[in-house]
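Please read these notes beside the coordinates. They are set out as numbered points, each on one topic.

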Amino acid sequence: MSSSSNAHDVIAPVVSALNVNVSNFVSVKLSWRSNYKIWKAQMLCLIKSQGLFHIIDVECPPGVDVVPQYEELVKGWILGSVSEEVLEDIWLKEVVNEPSSAPQTSDTEGSEIDERGKESQSPVANATTESQDSDGKINSNSPTESTKDDGKKEETPTARALWSKLDSIFTPPPISDKDSFRFILRTKSVRDIPELGKTERITSEMLYRLYEAAFEGCWWKAKSILKIHKGAATKAVTENGNTILHVAVEMGHNYFVEKLLEFLKDGEDIGTKNNMGQTALHTAAVVGNEYAARILIQKRKELLEVRDFCDRSPFDSAIINKKHLTAYLFKSSPDPENAFFATCGALNTKQYELARRLLEEYTEIYATYDHLILFIIVLAFPTDLGFTESFFSPSFHNVRQKTVERASLLYHTNFWDKCVDDISRVGHIYDNTCCSWLVKISMILLVPIATLYPIYQLICLLIMLLRLPFSMLYFLLWKGLAVTVPLIKNIEKKKNDYKEAKKTLRLICYQMGTKSSVYRRSIIEAVRQGAYEVVDEILYRSPDAIKCTDEEGHNVIQLAIINRSEKVFNLIRHIIEHTESSRLMIDSSKNTLVHLAGRLAPSSVLSRITGAALQLQRELLWFEEVKKLMSPFELIAENICKETPAMVFTREHQDLLMQGEDWMKTTAESSSITAALIVTVVFAAAITVPGGNKDSGTPVFQEEIAFTIFAVPNAFSLFTSMTSLLLFLSILTTRFSERDFLVSLPNRLIFGLFTLFLSTTSMIVTFGAILFLVFCDQRPWMMAPIIGFLCLPISIIVGIKLPLLVDLIKSTYVPIFGKQSYLESCRTNRKNTIFMDMDY
């Protein structure tokens, strides 16, 4: 009876403990010393809650019996909550393979256990000397046994021994006086920490702590370890063999790098390589850390010549990764053979001033690589400021120049003579009685005009002079903000890059000369990229370069139309207008310029435009613009497939037409729903006025100003929303032909969206007036939140629909062809007549 009772007493608690959800108690896995305290506290809560603390208690007196099921259960809890890395480093290597399962420390950890004193060692030592009794119970000091496949028994540690082992490893050693390892509060730097003797071995924990210090840039953490383990500075701390120097350089912690190099006095230590044979200078070249590269080269210049396992020097790594460090590495070890690569690196990273210095110093680059350098600058040529950026960017130089020009016009003495010559010329051309009377009347009217002209110029000059100080103040304010405001700083950088790129382009083209063959690849790519500045400079240096053709036989004019490069087309448009051979040119498929304009634009060009409808509109604009340059006979010419230009356009844009129709319908439908809701709301508000009506039928708040503010915007919202609704309905019922997408449909959508904005704003103002009449009579403070909440829906609808409206207006009303402002700065313009008699 007693034995069965004891068995029941043993089995019942074990079953109860087996049903415990360990994750409810232990939520972390023991990974290292950083989370050991949390893990230990949670594990103790679990063990104590089940009454099993005596199994791991090192202070438990000898002779206390431990049930084997409890022993294995607690050990399973401990091992199940430890990470695989800890099991591999601590359990497999240092526990299982030892002849004794007592938590004897390795050579590295020996000093830590010695510091813990005999009190902490004796329980652990006792844990390995216990034996098993005749009842099958395990004494607290006896190790458990496991049987191998060959029948031999292998000792494994008890739960108490395992617990003691983990505690000895992960608990920091106490600070003792004999070690002189004290962090005194009055210590102001790690320099005051006394240096200890070297320990026997560097552990993975120390390397991990060094990695964390290098990754975070905490030099004081790293130094506290390096003063004890100096050799750890050259040990690998990552899987790819990077040292802490590699890590600090990669993360950009230059202060850490500087202090570490001061610590590493041996040049060989600085040149430590990782698994790929790369030094820290290779890492600096890859990530572009120029400051780290400078101090590394100053410390050991031989690093420039070190090559990795792929036979790459730091200079090669910088070129491959297109970092601005390329030019600096070249200057540190100048080699004429690398001058071309250094120049390419400077151009790729937009260091145009440095590229010009290299080109001027190493002129032999042009002998072999001139066309390649020009091609690289074409690929990376920056764009000029956009409309919005140019509007806000100060133009003090332009204002000053216009003021000087206006002042010179005030003293212009040829105005009278010029007007007389023009009128006389008209009289000679149309020599008849009516024209002679017209000339006489013009001469009479010219007297007061010539008298008022100086007054007009004087007024304009005074306005420019008043504008000049404000422009100067704005210019100074802009330059000041460019230092701190990132947006303005980026605009200034973009403007400066554009100017420097043009200077570099002129230098390269000047050195290349006038031979058109060297420009072939560059000018073709410039046309494809739309870099009209490059095309302008090349044609200025070599007018024959316009004859250069690509693999399909298309020249510059044809490529400008195929790739929809409107700026290049505007630049060379006068060539097409004044040379008949340019208008009559055909390709191998007998396609004229209009046939090429009828092709579908490349997808990269179409993706710049919002919506399929606006894409089709832009295609129609191109087709119509090229048609203006052709004669009626050329518009019906057939290509090799017996297709006219109109037939080519219809075939190529069939899918785009369907997509544009769907896009236009979807936009109109979504907007018409909003307009219909507004009509319903404002109409209901008009017939149910706030406050009700008097017996006579007039509104109660008729005399209030707020009622007028309610009535007028309400009526305006009703009319504009109805107009918007009708415009959107007209879009839905149109036939959607190709010509409709040019002007008709965009105009309807523009006015529909504009009236929708107005109706929405008016409706919200009406609602605000109603709230004021009803609630704000005695509470004027409510005006502020009402106005704030009214601005919310207005800002939302403007943010959603305004970009679309702006794109529609720009695409429909802002011309992209003809005379443009950027053509004024071009060197190849309509004043040049060198292309007039060219044959193609």
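1. A salt bridge here is a side-chain nitrogen of Lys or Arg within 4 Å of a carboxyl oxygen of Asp or Glu. By that rule the structure holds 25 salt bridges. One of them joins the side chains of lysine 221 and glutamate 216, with an N to O distance of 3.5 Å. For burial, the cut-offs are under 20% relative accessible area for buried, over 50% for exposed, and partly exposed in between, with a 1.4 Å probe and protein chains only. Lysine 221 is partly exposed because its relative accessibility is 32%. Glutamate 216 is partly exposed too, at 43%.

2. On the basis of the notes: this is a predicted model, in which local features need pLDDT of at least 70 and side-chain atom pairs count only at pLDDT 80 or more, while totals for chains, interfaces and linings use all residues. Residues are numbered from 1 along each chain as its sequence is written, and side-chain values use heavy atoms, with hydrogens and water left out.

3. Overall content. The protein has 37 helices and four strands; these are DSSP runs numbered from the N terminus, helices being H or I of at least four residues and strands E of at least two. Of its 840 residues, 43% are buried. A contact means heavy atoms within 4.5 Å. Among contacts between residues at least 6 apart in sequence, 72% join residues at least 24 apart. The accessible surface is about 45,800 Å², and carbon and sulfur atoms account for 58% of that area; areas come from the Shrake-Rupley method with a 1.4 Å probe, and for residues only the protein chains shown count as cover.

4. Helices H23 and H24. Lysine 479 and glutamate 492 form a salt bridge through their side chains, at 2.6 Å from N to O. Lysine 479 belongs to helix H23 (residues 433-484) and glutamate 492 to helix H24 (residues 486-512), so the pair ties together parts 13 residues apart in sequence. Lysine 479 is partly exposed at 36% relative accessibility, whereas glutamate 492 is buried at 15%. The expected span of a helix is 1.5 Å times one less than its number of residues. For the 27 residues of H24 that gives 39 Å, and the end C-alpha atoms are 38 Å apart, which agrees. Glycine 513 follows H24 and has a positive phi, near 85°.

5. A further pair and a network. The side chains of glutamate 643 and arginine 651 meet in a salt bridge of 2.9 Å, N to O. Glutamate 643 is buried, with a relative accessible area of 14%, and arginine 651 is partly exposed, with 43%. Elsewhere, Arg506, Glu537, Arg541 and Arg827 are joined into one network by salt bridges that share partners.

6. Helix H32. Is this helix enclosed or open to the surroundings? Of the 17 residues of H32, 14 are buried, so the helix is largely enclosed by the rest of the structure. H32 covers residues 612-628; its expected span is 24 Å and its end C-alpha atoms are 25 Å apart, in agreement.

7. Cysteines. With a disulfide taken as a pair of cysteine sulfur atoms within 2.5 Å, the count is zero. Cysteine 310 is exposed at 55% relative accessible area, while cysteine 509 is buried at 0%.

8. Asparagine 242. This residue sits in the loop between helix H9 (219-226) and helix H10 (244-251). Asparagine 242 is buried because its relative accessibility is 8%. Leaving aside residues up to four places away in sequence, asparagine 242 touches Lys235, Ala236, Val237, Val247, Glu250 and Asn274.

9. Phenylalanines. Phe391, Phe392 and Tyr474 make a nonpolar surface patch of about 340 Å². Patches consist of residues with over 30% relative accessible area and no salt bridge, like charges being joined within 9 Å and nonpolar side chains (Val, Leu, Ile, Met, Phe, Trp, Tyr) within 5 Å. Phenylalanine 391 is part of helix H20 (residues 387-392) and is exposed at 59% relative accessibility. Phenylalanine 341, in helix H17 (residues 339-348), is partly exposed at 35%. Phenylalanine 341 touches Phe315, Ile319 and Thr326, not counting residues up to four places away in sequence. The C-alpha atoms of phenylalanine 341 and isoleucine 373 are 9.6 Å apart, and the two residues are 32 residues apart along the chain.
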